[in-house]
Every structure is written in C-alpha cells, then in structure tokens.
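Welcome! Here are some short exercises to try with the sequence and the 3D view open, each followed by a solution in steps.

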Amino acid sequence: MRELNKELYRKLYLVRRAEEKICVHYPEDDMKTPMHMSFGEEAVVVGVCHALGDAGQVFGTYRSHAAFIAKTEDTDEFFSELYAKETSSLKGKGGSMHLCSPRHGFMGTSAIVASHLSVAAGAAFANKRQKNGKIVAAFFGDGAVDEGVFWESLNAACLMKLPVIFVCEDNGFAVHTPATARRGYASLPRVVSTFDCHVFESDSTDVEVVHALAADALQRMRKEEKPCFMNLKYYRYLEHVGINYDFEAGYRPRNEFEQWYEKDPVRVQRAKLLRLGVGEDELLRIEAEVDAKVSRSVALAQQAPLSHCSEAHNGVFKCDR
Amino acid sequence: MPKMNMVQAINLALKEEMERDPDVVLLGEDVGKNGGVFRITEGLHSLFGAERVMDTPLAESGLVGAAIGMAVYGLKPVAEIQFMGFIYPAVDQIFSHAARIRSRSRGRFTCPLVIRTPYGVGIKSPELHSESSEALFCHMPGIKVVVPSSPFAAKGLLTSAIRDPDPVLFLESTRLYRLVKEEVPEGEYTLPLGKARVVQEGKEITVIAWGSMLHKALQAVDGYDAEVIDPMTLRPFDEETILSSVKKTGRVVIIQEAPKTGGFGAELSATIAEDAMLHLKGPVLRVAGCDAALPLARLEDAYMPSVERMRRAFDGIMKY
Ligand SMILES: Cc1ncc(C[n+]2csc(CCOP(=O)(O)OP(=O)(O)O)c2C)c(N)n1
Ligand SMILES: [Mg+2]
C-alpha cells in the first residue's frame with residue numbers, strides 16, 4: 001500500500017511540477033499554444049490512468065496535460081511539442097491541445113468538445129474484435145455531455161458492450177457556464193445509470209480513493225463486459241484557458257476554490273505519506289528527482305531547434321515525408 | 001463620431017438591431033451572462049434579459065438547429081459559434097435545413113438566421129481554432145457568406161445580415177477583432193450584401209482579398225499600381241465590380257488565408273477566366289495558405305500568405 005501511494009504521489013507531483021513550469025515560462029511567449037491547465041484534477045486523472053496501466057489506452061481533450069503526463073511520463077516530448085521543436089514527434093503541429101503518443105497508449109486528444117468520444121468507442125470496438133484485452137479510458141468534461149455525440153457514443157458502447165470507460169472530469173463549468181444552466185435534468189450519473197453500463201461517482205481529491213474506484217471499475221468490466229461511466233468531481237483552479245486565476249471575473253467565488261484547495265490532491269497525498277511513515281527526506285528525494293526530470297525536459301526543449309518551416313506543408317498524406 | 005474596434009462595432013450593431021426589432025434574439029455558448037469568448041455580446045444580457053440573450057448548452061448542432069426553427073417560425077436569431085472550427089457539428093443543420101428550406105417550401109418558409117463566428121488565425125492556436133473554411137459554405141446553395149474587414153464594414157454588414165430574409169454566415173476575423181479602430185457611426189446605416197468595395201484604385205493589377213488578408217494585401221501593394229478589392233460578401237459575390245476591375249488591369253492576384261485547393265479564390269479565378277479571359281495579360285494567380293492543417297503559431301509564418309509571397313506574385317504577373 002505504501003509503495004502504491006508513493007508511486008501515485010510521484011505521478012501527481014510530476015503532473016503538478018510540469019504545469020508549474022509552464023506557468024513560469026509561458027509569459028516568455030515561446031510556447032505559442034493556448035493552455036488549458038489541469039491544476040486541480042491531478043488525482044482524478046492519475047488515479048484512473050494508474051489503474052488502467054501501461055496496456056490501457058487513453059483518449060483526452062484540450063485539457064489533457066495531466067492525462068498525457070500520467071500516462072506517458074514523457075516530459076521531453078511534452079515540452080518539446082509545447083515549444084514546437086524539431087525534437088517533438090508532432091513537430092509543432094499539435095501543441096497543448098492535440099497531444100498524442102501511441103507507443104505509450106496515449107491515443108490522442110481533441111480540441112472539439114466531445115468529438116473524440118465516438119472515436120474512443122470505435123477504438124474499444126477494434127480492441128474487442130482483436131481480442132487484445134486493452135481497455136479504453138476516454139476523458140471529457142461535464143460540458144461534453146451536452147453534445148449529442150456523447151449520448152450517441154454511450155448508447156453504441158452500451159449496445160455493443162464495448163470495453164471503454166467514459167470518465168467525466170466534472171468541474172461543474174463549461175468555460176463560465178455552470179452545469180445547472182445547461183442541463184434539463186438534475187443528476188447525470190442517474191440518467192446514465194438507465195443505460196446498460198456500470199456507473200461510479202466520486203468527489204474525492206484523494207488519488208488513492210480514485211485509483212481504488214477505477215480499479216473496481218476495471219474489475220467489474222472484466223467480470224461483466226460492458227462499458228463504465230465514472231463521474232469524478234474536481235475544482236478547476238485556473239481560468240478556462242490560460243495560466244491565471246480568474247475569480248475577479250465574477251462567475252465563481254474565490255472561497256469555493258479555497259475550500260477545495262484545503263484538500264488539494266498533491267498536498268493530501270503528501271500528508272498521507274507522512275502519516276504512513278514515509279520520511280520527509282524520502283519525499284524530498286522523490287520530489288528532487290521529479291524536479292530534475294522536469295527541468296531537464298524544459299531545458300532540452302528550449303535548446304532544441306525550432307521545427308522546420310517545411311513542416312507547415314507536410315504530413316497530410318502518406319506520400320509526404 | 002466614436003472610434004471603435006470590430007468587437008465594439010459588432011456589439012453595437014447587435015444592440016441597435018435588438019432595440020429596433022423585438023424579434024431579434026441572440027443565442028450561443030457563454031454569450032449571455034458572460035458576454036462570450038471574445039466579449040462580443042458583453043452587456044447585452046443585462047440590457048435585454050435572458051429571454052433574448054440566451055446561454056445555450058454546449059451543443060452546436062442543437063443550438064443552430066433550434067435557431068433555424070426560431071428563424072423559420074417567426075424570430076430573427078443571431079447564433080454565435082465560438083470558433084469556426086466548432087461549426088462542423090452544426091453543418092448538418094445548416095446544410096440540411098437552413099440552406100434549403102426556402103427552396104424546399106417554394107418560398108413559403110424562409111430562414112432569416114445569422115450565424116456569427118470568428119475565423120482564421122489570431123489566437124496563436126493550431127488547427128480548429130484557426131479555421132477558414134469559408135469556401136465550404138460558399139459551395140452550398142442557399143447560404144450567404146459575409147466577411148467584414150473593418151469595424152465600419154462589420155456594423156453595416158451585420159445590420160444587413162440580420163435584416164436579410166435568408167441565412168447568413170457572418171465570419172469575423174479573429175485577428176482583426178482588436179487590431180484596427182476606426183470611426184463608426186452610432187445609429188442606423190447598412191451596407192448591402194453582395195456588393196464589393198474598391199478599397200484602393202489602381203491600373204495595373206487587381207488584388208482581391210478579404211478579412212484579415214485585406215490588411216496584409218494593402219501593405220504588400222505599396223509601390224505597385226494596384227487596385228485592391230474587398231468582396232465583403234463571398235456568396236453571392238459582386239461579379240460586376242470584380243470583372244470591371246479585371247477588364248481595366250488585365251492582371252489578377254487573389255489572396256486567401258484558407259488552403260489553396262478548392263478555396264474561394266478558385267471560384268473567383270474560374271469566373272474571371274470565363275467572363276474576362278480576353279482581357280487578361282497573364283494567368284490569374286493565387287496566394288493562399290498551405291493545403292494542410294494550420295500548425296502551431298511558431299510555424300504560422302511559413303503557412304500564411306506573407307507580404308513577400310504576395311509581392312512575388314505581383315512581380316511574377318507584371319513580367320508577363
Ligand atoms: C464543439 C466545441 N464547441 C465549443 C468549444 C469551445 N469550448 C472549449 S472547452 C469548452 C468548455 C468545455 O467544458 P467541459 O466539457 O466541462 O470541459 P472543461 O473545459 O471544464 O474541462 C468550450 C465551450 C469546443 N472546443 N468545441
Ligand atoms: Mg467542465
């Protein structure tokens with residue numbers, strides 16, 4: 001248990017650290033890509049991705065820094081793409097919103113809300129047909145369920161009993177508009193539970209709790225093959241897009257944030273490890289390793305040459321280089 | 001007369017039309033209380049209330065479809081799509097219903113709908129946040145496509161678009177939103193749809209450009225005797241103004257931000273070839289974006305038509 005908790009902490013801290021680095025360097029204006037930050041959702045994403053394991057496949061959104069890092073730990077690729085460098089396998093054609101790394105099972109993200117959900121269901125179908133045992137986790141926001149394609153995908157996945165987990169990263173807002181102003185029903189999990197799937201809910205920022213829930217979901221899926229739906233609440237710390245707080249905008253009060261920040265996922269997990277008897281020095285060692293890894297990735301990305309301008313034309317069809 | 005940027009001019013056009021006509025309603029994602037992603041509808045929710053300025057669920061097909069219903073059955077909706085790249089879920093509704101209801105009902109139903117959306121580069125974002133797929137919509141009979149290139153034009157054209165009895169896609173260059181300020185009259189004026197503007201007269205080359213490309217083109221023509229035309233409405237476009245300029249200069253360079261293949265420039269070029277062939281002193285040239293998805297902003301300059309590329313085209317056509 002202690003080892004698991006340490007590992008979960010390391011991943012949480014890695015995600016947090018990488019995003020903090022973005023906040024430091026973004027104002028230099030060398031990362032020319034809009035940033036939808038994951039601050040606040042680390043436990044939700046790390047919990048699910050860790051339970052899914054290396055063999056699982058993840059689909060994400062424009063807000064998938066956390067998912068990319070939790071699944072791949074490839075901060076070199078992450079930063080080189082944010083800086084649009086030649087060393088990135090995406091060559092600056094994706095940026096923050098279109099990350100992907102198939103070799104790590106990170107299958108891609110979409111900037112078009114909900115549009116990836118049907119694709120994720122299709123991937124689950126392919127996995128099922130190939131009998132490779134892979135499970136797909138598709139992350140999306142609470143706003144995405146407003147789109148028809150969410151319901152189309154959920155329906156098809158339930159009908160075909162596809163091995164896919166739909167993970168709603170529920171921060172209660174689509175940009176500035178709260179769920180209550182967008183929904184003609186009270187409880188999303190209750191509506192979804194009328195479909196033929198397993199439904200799970202949590203508002204915990206304790207990564208261990210989310211991890212256990214996801215592990216349970218995976219087990220239930222293995223026993224009785226049908227999709228899962230997880231509604232995981234968290235609080236988005238920063239503005240919808242960008243690296244700043246936005247409480248002065250008036251659509252949500254700062255004290256809401258303060259209440260959630262009391263149970264910040266990174267702090268909660270750190271305190272837990274101390275309680276479990278992990279020494280402060282050991283935590284500092286884990287953190288120092290992560291810090292060094294992230295700093296190295298940022299430095300490498302900064303030093304690498306810009307992606308060649310011919311990339312603007314390339315990659316449309318196979319005959320291109 | 002007050003000086004305004006395009007955001008303010010569009011906001012004012014909406015406000016004045018809403019004051020004039022109680023059937024005008026606004027709807028879209030975050031357009032209400034919060035005034036929209038680009039703050040275009042700022043203040044209108046508190047002026048006109050939630051019944052006329054509606055925050056919709058995050059669902060483009062649903063919101064555009066509902067706007068079509070409102071338009072056909074008595075209202076004059078102005079729907080906002082947050083970025084042009086997000087309009088695709090609603091294309092089904094636009095192509096299947098808005099574009100055809102007049103023809104399908106032999107004019108017994110009409111669809112006085114405006115869909116406003118920012119298009120093109122401007123926020124340093126790749127792909128779908130920088131889309132300029134105007135040609136797609138120009139291709140579909142039954143939809144008008146309007147692209148203002150200045151605050152003054154934006155207000156006059158949007159007012160006409162709202163009053164127009166047919167569906168209008170109103171494309172607002174993201175880059176231009178806050179780039180230029182100019183004098184914009186308060187109170188009513190309109191610019192007719194389907195009418196181009198000769199921005200600058202000249203004798204040797206006709207340069208056609210719209211939206212944000214117009215501004216780059218105006219930089220590029222410095223030192224050339226060029227006539228610069230802003231079509232303002234792409235569908236239906238002003239053949240007369242364009243052809244009479246071409247007949248005068250005999251040389252044409254068309255500039256578009258969108259990918260080259262199948263772009264609106266191709267349509268202009270074909271029309272010129274059909275109707276002014278014997279006046280041409282050389283081929284109609286296009287300076288366009290790449291036939292690829294737009295990359296990150298650091299590669300944007302390689303993708304976008306630059307002043308240098310435009311001048312190369314001018315020099316090339318002058319040598320003919
Ligand atoms: C189809 C589509 N419509 C609108 C947008 C603009 N947009 C980007 S994120 C967003 C809100 C999404 O909210 P939610 O799904 O809850 O995710 P969150 O940003 O809260 O993580 C909107 C409206 C988009 N990207 N795609
Ligand atoms: Mg949300």
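**Exercise 1. Find which residues surround ligand 1 most closely, and say how the shell divides by class.**

Step 1. Count the surroundings: 20 residues lie around ligand 1, where a residue is included if its C-beta atom, placed from the backbone, is within 6 Å of the molecule. The closest are Val113(A), Gly141(A), Gly143(A), Ala174(A) and Phe86(B).

Step 2. Look at the chain letters. The site is shared between chains, because residues from chains A and B surround ligand 1.

Step 3. Sort by class: the shell has 10 nonpolar, five polar and five charged residues. Here Ala, Val, Leu, Ile, Met, Phe, Trp, Tyr, Cys and Pro count as nonpolar, Asp, Glu, Lys and Arg as charged, and the others, Gly among them, as polar.

A word on the model before going on: it is predicted, so local features need pLDDT of at least 70 and side-chain atom pairs count only at pLDDT 80 or more, while totals for chains, interfaces and linings use all residues. Residues are numbered from 1 along each chain as its sequence is written, and chains are lettered from A and ligands numbered from 1 in the order in which they are written.

**Exercise 2. Work out how many residues of chain A and of chain B are in contact.**

Step 1. Apply the rule for a contact: the C-beta atoms of two residues, placed from the backbone, lie within 7 Å.

Step 2. Read off both sides: 31 residues of chain A meet 29 residues of chain B. The chain A side consists of 13 nonpolar, 12 polar and six charged residues.

**Exercise 3. Describe the two domains of chain B and the contact between them.**

Step 1. Take the bounds, which come from an automatic or database domain assignment. In chain B, domain 1 covers 3–183 and domain 2 covers 197–318.

Step 2. Their C-alpha centres are 26 Å apart. Domain 1 of chain B gives 24 residues to the contact, and domain 2 of chain B gives 23 residues.

Step 3. Name the elements on the domain 1 side. Those that give two or more residues are helix H6 (134–139), strand S6 (144–146), helix H7 (151–163) and strand S7 (168–173) of chain B; helices (H or I, at least four residues) and strands (E, at least two) are DSSP runs, numbered from the N terminus. This side of domain 1 of chain B has 13 nonpolar, six polar and five charged residues.

**Exercise 4. How do helices H2 and H3 of chain A cross?**

Step 1. The axes of H2(A) (residues 42–52) and H3(A) (residues 65–72) come within 9 Å and cross at roughly 35°. Axes are lines fitted to C-alpha atoms, for helices over the stretch in contact, and angles run from 0 to 180 degrees between N-to-C directions.

Step 2. The crossing of H2(A) and H3(A) is right-handed, meaning that the near helix is turned clockwise from the far one by less than a right angle (anticlockwise would be left-handed).

Step 3. H2(A) makes the contact through Glu42(A), Val45(A), Val46(A), Cys49(A) and His50(A), and H3(A) through Ala66(A), Ala67(A), Ala70(A) and Lys71(A). By class, this contact has six nonpolar, one polar and two charged residues.

**Exercise 5. Is Arg235(B) buried or exposed, and what does it touch?**

Step 1. Find Arg235(B) in strand S12 (residues 233–235) of chain B.

Step 2. Arg235(B) is buried, because 23 other C-beta atoms lie within 10 Å. The scale is: buried at 20 or more other C-beta atoms within 10 Å, exposed at 12 or fewer, partly exposed in between, with C-beta atoms placed from the backbone.

Step 3. Leaving aside neighbours within four places in sequence, Arg235(B) is in contact with Cys138(B), Ile143(B), Lys144(B) and Val145(B). The C-alpha atoms of Arg235(B) and Cys138(B) are 5.6 Å apart, although 97 residues separate them along the chain.

Step 4. Check the next peptide bond: from Arg235(B) to Pro236(B) it is cis, with omega near -5°. Pro236(B) belongs to the loop between S12 and helix H9 (239–249) of chain B.

**Exercise 6. Asp29(A) and Ala84(A) have positive phi: where is each found, and is each buried or exposed?**

Step 1. Asp29(A), with phi near 65°, is in the loop between helix H1 (2–25) and H2 of chain A. Asp29(A) counts as exposed because it has 9 C-beta neighbours inside 10 Å.

Step 2. Ala84(A), with phi about 55°, is in the loop between helix H4 (75–82) and strand S2 (106–110) of chain A. Ala84(A) counts as buried because it has 29 C-beta neighbours inside 10 Å.
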